[in-house]
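Hi,

Here is the structure I promised to pass on. Have a look at it first, and then read my notes below.

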Amino acid sequence: MTGVAERLQGKRICIVAGSGGVGKTTASAALALGLAASGKRVAVVTIDPARRLADSLGLEELGNEPRQVERALLESHGVQLHEGGELWAMMLDPKATFDDLVTSLAPDDTTREDVLDNRIYAQLSSAIAGSQEFTAVAKLYDLDRDGGFDAIVLDTPPSRNALDFLDAPDRISDFFDSKALKLFAVPTSIATKIMSRGTSVVFAILKRLTGVDLLDDVSVLFRSLGGLIDGFRERAAAVKALLGDPATTFLIVTSPEREPVAEAIFFRGKLREARMPFGGLIVNRAAILDEGEHDDPKAVRTQLGERLGGPLAAKVAAGFADLQRLAARDAESIARLKAELDEPEPIVVPRLDGDVQDIEGLLALYRHLSAS
Amino acid sequence: MGAPAAGHLGWGAIASLLSRRLVVVMGKGGVGKTTVSAALGLVAARAGKRTIVAEVARRGDVASAFDRDDAEPFAETEIAPGLFHISIDPQDALDEYLRDQLPSGPVAQILIRSRVFGLIAAATPGMRELLTVGKLWELALLDRRTPGADAYDLVVVDAPATGHGVALLSAPRTFAAAAGAGPVARQGTIIDATLSDPKQTAVVAVAKAEELAVTETGALREALRASMNLALERVVANALDADRFSAREAKLLEPHAEHPAVARALRGHQSALRQRTQLTRLRKLTGQAPARLSLHPGGPDLERLADELESQLDVRA
């Protein structure tokens with residue numbers, strides 16, 4: 001079977017997707033660690049406030065720029081980096097990334113300040129649906145262009161709607177192409193004069209309803225953003241191209257539970273529709289039976305009865321029966337995933353004993369990711 | 001003897017929970033909020049309450065937990081006797097609100113269709129959350145504003161993951177404070193009065209017995225207290241592995257570890273010990289004993305989970 005490293009051969013960008021709570025952040029970190037060990041200069045970008053991950057990597061905290069994990073620290077935990085191997089980690093700050101983007105695209109200082117100081121701007125990142133996702137890919141684009149990394153692993157936002165992620169560049173383009181923005185951006189056009197009456201009615205009603213007078217803020221913001229339209233549009237196009245680049249791939253992570261499985265299937269469908277590359281499926285925390293664990297629990301109870309006494313043997317057998325039921329359910333989930341995702345060989349990671357929370361744990365997880 | 005049976009006392013605890021207008025189920029992603037919300041809804045429906053489970057910005061997971069994938073997610077749909085479901089869409093909520101607030105139909109229509117309005121409404125700080133929470137509040141009204149809609153006895157909210165969940169609950173308060181005047185600010189104050197009234201609203205936190213989920217539950221308790229002055233009414237520890245063996249039994253098992261079933265039993269015991277540690281942390285961080293729901297090896301069985309919730313929520317110790 002094919003391990004994760006083989007699947008990522010020739011890939012520079014690996015986007016790890018899946019629903020919340022399935023171990024995406026840990027899988028991303030393990031993957032990055034493994035790639036670094038094999039001699040690559042790797043950055044892992046996470047969105048979760050992964051406090052413990054930062055701790056375990058010996059970083060005070062993760063910031064919006066990548067920080068390098070000390071080679072000595074990795075070595076002290078038994079990780080030997082091949083020549084050239086480096087591990088970098090960062091935590092995405094959507095607001096800071098958006099600010100950086102505005103700063104780099106603003107034609108002059110006044111425009112930049114008008115945008116950054118605007119009352120509405122602070123809310124803009126949540127207002128344009130999918131902008132957290134957009135900042136994630138925008139950051140990815142910057143790192144890919146300027147970071148000199150051999151590989152970047154992106155742990156995606158805990159968004160339930162995978163679509164937001166894939167659509168993010170289009171949504172941003174749409175927003176900057178929207179009539180609303182143009183209306184304010186080009187205040188002298190005749191069209192504006194005609195439409196502005198309708199617009200001020202809208203503002204008047206909004207003000208009446210909400211008690212918030214947004215007209216000035218919105219018009220100033222939109223007018224300033226007007227200067228950024230071309231830059232944003234170009235950037236959105238570049239980011240979109242990056243998502244579809246042959247060197248980019250998506251890994252889907254799921255647990256064998258019902259909802260994450262449904263989410264994984266849904267996301268695979270969206271990837272297909274958007275013609276985005278699918279690099280493979282990781283089924284995390286599956287109950288897997290080893291050889292010799294298929295015996296009938298009743299027989300086990302009889303076997304152990306003499307040695308352990310009836311009541312204790314019964315308890316052991318009950319636990320064994322539960323394990324088999326769990327494994328059967330997980331096998332069913334895996335079969336369903338194989339069929340629906342058109343993925344004959346998913347990488348299956350067994351339920352590990354205890355939480356993965358240190359470098360040794362990440363290394364153990366990486367071994368499972370590679371060994372499948 | 002004169003002392004009432006424990007079950008009696010307990011039924012008081014569960015009845016008290018179900019006597020609210022809104023029960024908001026919160027917790028970290030992946031801990032099983034949807035399953036617990038559905039099971040809680042079932043408990044309420046069994047108690048004869050006309051109940052609706054409202055999901056926030058999802059795609060009908062509650063319905064599919066009841067094997068009702070056919071249900072229209074964004075409409076109020078009966079998925080079991082006396083138990084309804086809806087998925088809340090902020091856009092729908094905005095349309096509804098405008099229709100409700102602007103009596104003249106055509107004006108509302110124009111506004112609803114206006115992209116500018118949608119954009120500006122979306123850009124208004126806290127508006128999205130306010131609209132969502134406003135719909136939850138509307139569902140909980142005894143005298144519904146939706147024309148022809150019947151009242152519910154209880155609304156169970158399957159809230160988004162911790163941080164977003166708190167932002168959602170505190171949106172009316174934040175908005176009212178920011179806006180100062182106007183109908184929406186007034187409405188925000190009214191909605192907040194319901195949400196921050198412990199007689200009308202209860203928050204149930206769901207956690208797994210894992211370090212991160214427990215830590216986040218502690219943070220949730222603090223955030224709720226700070227932003228809403230609300231306490232966690234109950235804490236539910238979900239998907240617990242069976243804790244089968246005493247220390248003495250584990251000792252007896254050790255010499256037989258070569259047997260695969262015994263080896264698994266010993267590993268299971270270790271995992272149960274870790275789980276106990278996390279449950280202790282959970283109790284300390286939340287100041288209460290969590291209700292315990294077991295992991296169902298064949299996948300969650302809602303009827304059984306509802307049974308477990310009934311008996312577990314009874315015990316307050």
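What follows is a walk through what I found, chain A first and then chain B.

One thing to keep in mind: this is a predicted model. For chain A the mean pLDDT is 82, with 80% of its residues at 70 or more. The stretch I'd be wary of is residues 188-192 of chain A, where the pLDDT is below 50 and the model shows 3 contacts beyond near neighbours in sequence.

**Chain A**

Chain A holds 17 helices and 8 strands. It has 372 residues, and 45% of them count as buried. If you take its contacts with a separation of 6 or more, 77% are between residues 24 or more positions apart.

The sheet in chain A is open, with 8 strands in the order 3-4-2-5-1-6-7-8 and mixed pairing. Strand 3 (67-68) and strand 8 (347-350) of chain A are the edge strands, each pairing on one side only. Strand 3 of chain A runs antiparallel to strand 4 (residues 86-91) of chain A, over 2 bridges, and there Q68(A) sits opposite W88(A) of strand 4. Helix 2 (residues 24-37) of chain A packs on this sheet, and the strands it touches include strand 1 (13-17), strand 2 (41-46) and strand 5 (151-155) of chain A. The direction of helix 2 makes about 170 degrees with that of strand 2 of chain A.

Helix 2 turns up again in the core. The largest nonpolar core has 83 residues, and the members that touch the most others are L31(A), A32(A), V42(A) and V153(A). Helix 2 of chain A is the biggest giver here, with 8 residues. Leaving out residues up to four places away in sequence, A32(A) touches V42(A), V44(A), L87(A) and V153(A). There is also a second, separate core of 79 residues, which includes V25(B), V184(B), L232(B) and L279(B). As general background, nonpolar side chains tend to be buried together in soluble globular proteins.

Two more spots in chain A are worth a click. R285(A) has a positive phi of about 55 degrees, though it is not a glycine. Most residues other than glycine have a negative phi. R285(A) is in strand 7 (residues 278-286) of chain A. Is R285(A) buried, partly exposed or exposed? R285(A) has 17 other C-beta atoms within 10 Å, so it comes out as partly exposed.

The other spot is P344(A), in the loop between helix 16 (310-341) and strand 8 of chain A. P344(A) is exposed, because its count is 8 other C-beta atoms within 10 Å and the cut-off for exposed is 12 or fewer. Its C-alpha atom is separated by 9.9 Å from that of I334(A), 10 residues away along the chain.

**Chain B**

The chain B sheet is open too, with 8 strands in the order 3-4-2-5-1-6-7-8 and mixed pairing. Strand 3 (77-80) and strand 8 (291-294) of chain B are at the edges with a single partner strand each, so one side of each has no neighbour in the sheet. Ignoring direction, neighbouring strands of this sheet are turned by 25 degrees against each other on average.

At one edge, strand 3 of chain B is joined by 3 bridges to strand 4 (residues 83-88) of chain B, and the two run antiparallel. A80(B) has L83(B) of strand 4 as its bridge partner. The hairpin these two strands of chain B make has 2 residues between the strands, and G82(B) takes a positive phi near 75 degrees there. At the other edge, strand 7 (residues 232-240) and strand 8 of chain B pair in the parallel sense over 3 bridges, with A237(B) opposite R292(B) of strand 8.

How does the span of helix 10 of chain B compare with what 1.5 Å a residue should give? Its 18 residues should span 26 Å and the end C-alpha atoms are 25 Å apart, which agrees. Buried residues in helix 10 of chain B include L212(B), V214(B), L220(B) and L224(B).

Just after helix 10 of chain B comes N229(B), which takes a positive phi of about 55 degrees although it is not a glycine. N229(B) lies in the loop between helix 10 (211-228) and strand 7 of chain B. With 10 other C-beta atoms within 10 Å, N229(B) is exposed.

Over to you!

Key. Residues are numbered from 1 along each chain as its sequence is written. Chains are lettered from A and ligands numbered from 1 in the order in which they are written. Two strands pair if DSSP finds at least two bridges between them. Helices (H or I, at least four residues) and strands (E, at least two) are DSSP runs, numbered from the N terminus. Axes are lines fitted to C-alpha atoms, for helices over the stretch in contact, and angles run from 0 to 180 degrees between N-to-C directions. A residue is buried if 20 or more other C-beta atoms lie within 10 Å of its own, exposed if 12 or fewer, and partly exposed in between; C-beta atoms are placed from the backbone. Two residues are in contact if their C-beta atoms, placed from the backbone, lie within 7 Å. The expected span of a helix is 1.5 Å times one less than its number of residues. pLDDT is the predictor's confidence in each residue, from 0 to 100. A nonpolar core is a set of buried Ala, Val, Leu, Ile, Met, Phe, Trp, Tyr and Cys residues joined through C-beta atoms within 7 Å.
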